[in-house]
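Reader: I am new to this structure and would be grateful for a close look at a single part of it. Please take one pairing of charged side chains and then set it beside the others.

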Amino acid sequence: MYSILKAQGVLPLVTQINIETAQIVLQSAADAGIKIIEFAARADNAKEVFTQMIAFKKANNLDLKIAVGSILSVDDAETFHLLGADCIVCPHTDLEIGNYCFKNNIYWIPGAATLNEILHANKLGAEIVKLFPADKIGGPGYVKAIRAPFPNLKIMPTGGVTLEESNLKSWFKSGVVCVGIGSNLFSKEMLLNLSYEESLQAFQNLIEVVEKTRK
């Protein structure tokens with residue numbers, strides 16, 4: 001999973017979508033060459049939508065991994081793992097969730113804010129740590145500062161990542177492995193009436209700008 005995220009450079013995130021929109025997102029992501037996407041399980045119907053996403057992915061033989069985010073408990077981690085999640089993403093670091101993921105061979109990306117929290121997540125076995133909310137705790141300058149004494153930290157900032165070249169360039173320059181991007185890729189309004197063409201264009205633009213700003 002690490003190699004996929006490092007190569008892709010970005011983990012696109014969608015949340016609170018219906019199954020029709022989810023199918024459009026999955027198909028267009030796969031067609032654009034995206035290899036992994038995150039579905040944040042925040043809505044009441046998240047399990048139903050995710051179940052149908054997995055069925056759609058299998059039926060159409062899509063070469064796409066689906067991470068499930070906003071996982072807050074070990075029960076939710078188990079539920080979505082059994083439903084077919086390839087990766088569990090959390091806004092926090094929870095030992096129980098981490099242990100469940102390692103025991104069941106599912107990739108775990110916990111969330112952290114401070115250097116001590118990131119190092120703690122690493123000690124628990126996390127390879128990549130989600131820095132959240134990245135823009136509120138110092139942005140790229142913060143990442144650069146904490147990586148000075150710990151250059152091997154593998155960080156994925158989420159929160160405040162935009163499609164602007166200057167924004168992405170500053171994150172990659174700070175040494176992050178990849179970035180997480182959600183509402184700045186698909187706004188709530190956009191997701192209400194998303195077409196396949198719009199979604200494909202959004203993913204193609206995302207890949208292009210990430211490749212351009214990582215150089």
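With which residue does Lys57 form a salt bridge, and how far apart are the closest N and O atoms?

Author: In this predicted model, Lys57 forms a salt bridge with Asp86, and the closest N and O atoms of the pair are 3.3 Å apart. Lys57 belongs to helix α3, which covers residues 46–59. Asp86 is found in the loop between α4 (74–83) and β4 (87–89), so the salt bridge ties together parts of the chain that are 29 residues apart in sequence. Side chains of opposite charge can pair when their charged atoms come close.

The surroundings of the two partners may be considered next. Lys57 has a relative accessible area of 15%, and it counts as buried because this value is under 20%. Asp86, with a relative accessible area of 21%, is partly exposed. The link between the two side chains also registers as a polar contact, at 3.3 Å. When residues up to four places away in sequence are not counted, Lys57 touches Leu62, Leu64, Lys65, Ile66 and Asp86. Its salt-bridge partner Asp86 is thus one of the residues on that list.

The count of salt bridges comes to three. One of them joins Lys35 to Asp63, with the closest N and O atoms 2.7 Å apart. This pair links distant parts of the chain, 28 residues apart: Lys35 is in the loop between α2 (19–32) and β2 (36–40), while Asp63 is in the loop between α3 and β3 (65–69). Lys35 is partly exposed, at a relative accessible area of 38%. Asp63 has a relative accessibility of 55% and counts as exposed, because the value is over 50%.

Another salt bridge is formed by the side chains of Lys212 and Glu165, at 3.0 Å from N to O. Here Lys212 lies in helix α10 (residues 196–214) and Glu165 in helix α8 (residues 165–173), so parts that are 47 residues apart in sequence are tied together. Lys212 is partly exposed, with 47% relative accessibility, and Glu165 is also partly exposed, with 38%.

The nonpolar interior completes the picture. The largest nonpolar core has 63 residues, and those with the most contacts inside it are Phe39, Phe50, Met53, Phe80, Ile88 and Phe203. Another core, of 13 residues, lies apart from it and includes Tyr107, Met156, Val177 and Cys178.

Note on methods
Residues numbered from 1 in each chain as written. Predicted model: local features only at pLDDT ≥ 70, side-chain atom pairs only at ≥ 80, totals over all residues. Heavy atoms only, no water. Helix = DSSP H or I, 4+ residues; strand = E, 2+ residues; numbered from the N terminus. Buried < 20%, exposed > 50% of the residue type's maximum accessible area, 1.4 Å probe, protein only. Polar contact = N/O pair within 3.5 Å; in protein donor to acceptor, adjacent residues only side chain to side chain. Contact = heavy atoms within 4.5 Å. Core = buried A, V, L, I, M, F, W, Y, C linked by side-chain atoms within 4.5 Å. Salt bridge = Lys/Arg side-chain N within 4 Å of Asp/Glu carboxyl O.
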